[in-house]
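Hi everyone, thanks for making the time. Have a look at the structure on the screen, and I'll walk you through some of its contacts.

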Amino acid sequence: MKRIVCREPGTFELEASSAPTPGPGEALLRIHRVGICGTDLHAFQGNQAFFTYPRILGHELSAEILSIGSESGGLAPGDRVIVMPYIFCGNCIACRAGKTNCCRQMAVLGVHVDGGMQQEISVRSDLLLPAGQLSHEEVAIVEPLAIGAHALRRARTELDDTVVVVGCGPIGIGILAQASAIGCRVIALDTDAGRLAFVRKALGIQDTVLVDEQAAAQVAQLTNGDLATVVFDATGNKQALESGVRYMAHGGRYVLVGLSKGELSFNHPEIHAKESTLLCSRNATREDFESVRAFLESGQFPTGKYITHSVPFEEMIGHFESWLQPQNGVIKAMVDWTIP
Ligand SMILES: [Zn+2]
Ligand SMILES: [Zn+2]
């Protein structure tokens, strides 16, 4: 089989290797599609904290079972599956509470251990879900959309909420689409007018606000002065993260989905006056993956528009650096591992 190894920052190598041998409790999978995410781009550039090389990247996976052991949870060879890339321990305080998404020993496929940029991979069977009615492309976008599903659930987002999403990249788009499906009033914010045009066109979001000094006043105007009951940051940008409370209503929730590297500071009187609830949202659980599978099966998400770039795996290395350039308008790039 073939695989693409990130040897060191800036260097990918396509190489031949023997197929992996699944251990106890693992299934052998054939990879169909791999979605490319900001994490992969940062790892390639060498600015991903705690990353070690060489590493096989890829955690947004669409796969098919080649072989599976007896404790298969009803899955069988030939089944197409969604892969949850979060290898949780099952024993720590978070796992015992069902919060496997923030396991103390978390290892993420394609980040801490080798991921899916290879034709075959062995993965723990309890990290697999049946693909249902989803296409290969839809299966590969379940993970990034599950990040949004988890964030919405974390904030107990309901029909009567007014939601502001700051950052209209692949994660923000997932939050916007799923908040709209819940029936919330949604307002999209970004510093890039092109991204706002994308969410208007692809998702039918009517209220979009370009982030500048007037942005909070515009959100106030759109909400009769109330502001948003839930604000999601999907930028991971320090300045954006520290400004998000401005869009939040009194009594509201502020959910940090994007991750910044250093410290954040907030004006205490401002967050206190609003009796702010500050939440972090990390990864996703099986429940979130199931929720996204149902959401995609309902046909409400424009997968074809979300996936802006698509290449066979032998062409990936040549295209990868162009996906780092904002002017190329990449929302989601996808690699097909079934055709060279
Ligand atoms: Zn990702
Ligand atoms: Zn754990």
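Let's begin with charge pairs: there are 15 salt bridges in this structure, which is a predicted model. I'll pick out a few of them.

One pair is Arg33 with Glu137, whose side chains meet at 2.8 Å, N to O. Arg33 sits in strand β3 while Glu137 belongs to helix α3 (residues 136-140), so this salt bridge ties together parts that are 104 residues apart in sequence. And are these two partners buried or exposed? Arg33 is buried, at a relative accessible area of 10%, whereas Glu137 is partly exposed, at 26%. The cut-off for buried is under 20%, so Arg33 qualifies and Glu137 does not.

Another pair is Glu242 and Lys238, with a salt bridge of 2.9 Å, N to O. Both are in helix α8 (residues 238-243), and because they are 4 residues apart there, about one helical turn separates them. Glu242 has 25% relative accessibility and counts as partly exposed; Lys238, at 42%, is partly exposed too.

Then we have Asp126 and Arg124, where the closest N and O atoms are 2.9 Å apart. Asp126 is partly exposed at 36% relative accessibility, and Arg124 is partly exposed at 26%.

Salt bridges also link up into a network here, made of Arg3, Arg7, Glu13 and Glu15. That brings us to the hairpin. Strand β1 covers residues 2-8, strand β2 covers residues 11-16, and the two run antiparallel, joined by 6 bridges. Within that pairing, Ile4 stands opposite Leu14 of β2. Which residue in this hairpin takes a positive phi? Gly10 does, near 85°, and the hairpin has 2 residues between its strands. As a reminder, side chains in a regular strand alternate between the two faces of the sheet.

Now for the metals, which I expect some of you have been waiting for. Which residues hold the zinc ion we call ligand 2? Its coordinating atoms are the SG atoms of Cys89, Cys92, Cys95 and Cys103, at 2.3 to 2.4 Å. The angles subtended by these 4 donor atoms run from 103 to 118°, and that makes the arrangement tetrahedral. If you follow the donors along the chain, their spacing reads C-x2-C-x2-C-x7-C. As for burial, Cys95 is buried at 9% relative accessibility, while Cys89 is partly exposed at 30%.

The other zinc ion to show you is ligand 1. Its protein donors are Cys37, through SG, and His59, through NE2, and they lie 2.1 to 2.3 Å from the ion. These two donors come from distant parts of the chain, 22 residues apart. Cys37 is in the loop between β3 (26-36) and α1 (38-45), and His59 is in the loop between α1 and β4 (60-68). Cys37 counts as buried, with a relative accessible area of 15%, and His59 is buried as well, at 4%. One caution for anyone setting up this site: water is not among the atoms, so the site may look incomplete.

To recap, then: Arg33 and Glu137 join strand β3 to helix α3, and the four cysteines around ligand 2 form a tetrahedral site. Thanks for listening, and I'm happy to go back to any of these on the screen.

Conventions: Residues are numbered from 1 along each chain as its sequence is written. Chains are lettered from A and ligands numbered from 1 in the order in which they are written. This is a predicted model: local features need pLDDT of at least 70, side-chain atom pairs count only at pLDDT 80 or more; totals for chains, interfaces and linings use all residues. Side-chain values use heavy atoms; hydrogens and water are left out. Donors are N, O and S atoms within 2.8 Å of the metal (3.2 Å for Na, K and Ca); water is not among the atoms, so sites may look incomplete. Buried means under 20% relative accessible area, exposed over 50%, partly exposed in between (1.4 Å probe, protein chains only). Four donors count as tetrahedral if all angles lie between 85 and 135 degrees; four count as square planar and six as octahedral if opposite donors are over 155 degrees apart and all others between 65 and 115; anything else is irregular. Two strands pair if DSSP finds at least two bridges between them. A salt bridge is a side-chain nitrogen of Lys or Arg within 4 Å of a carboxyl oxygen of Asp or Glu.
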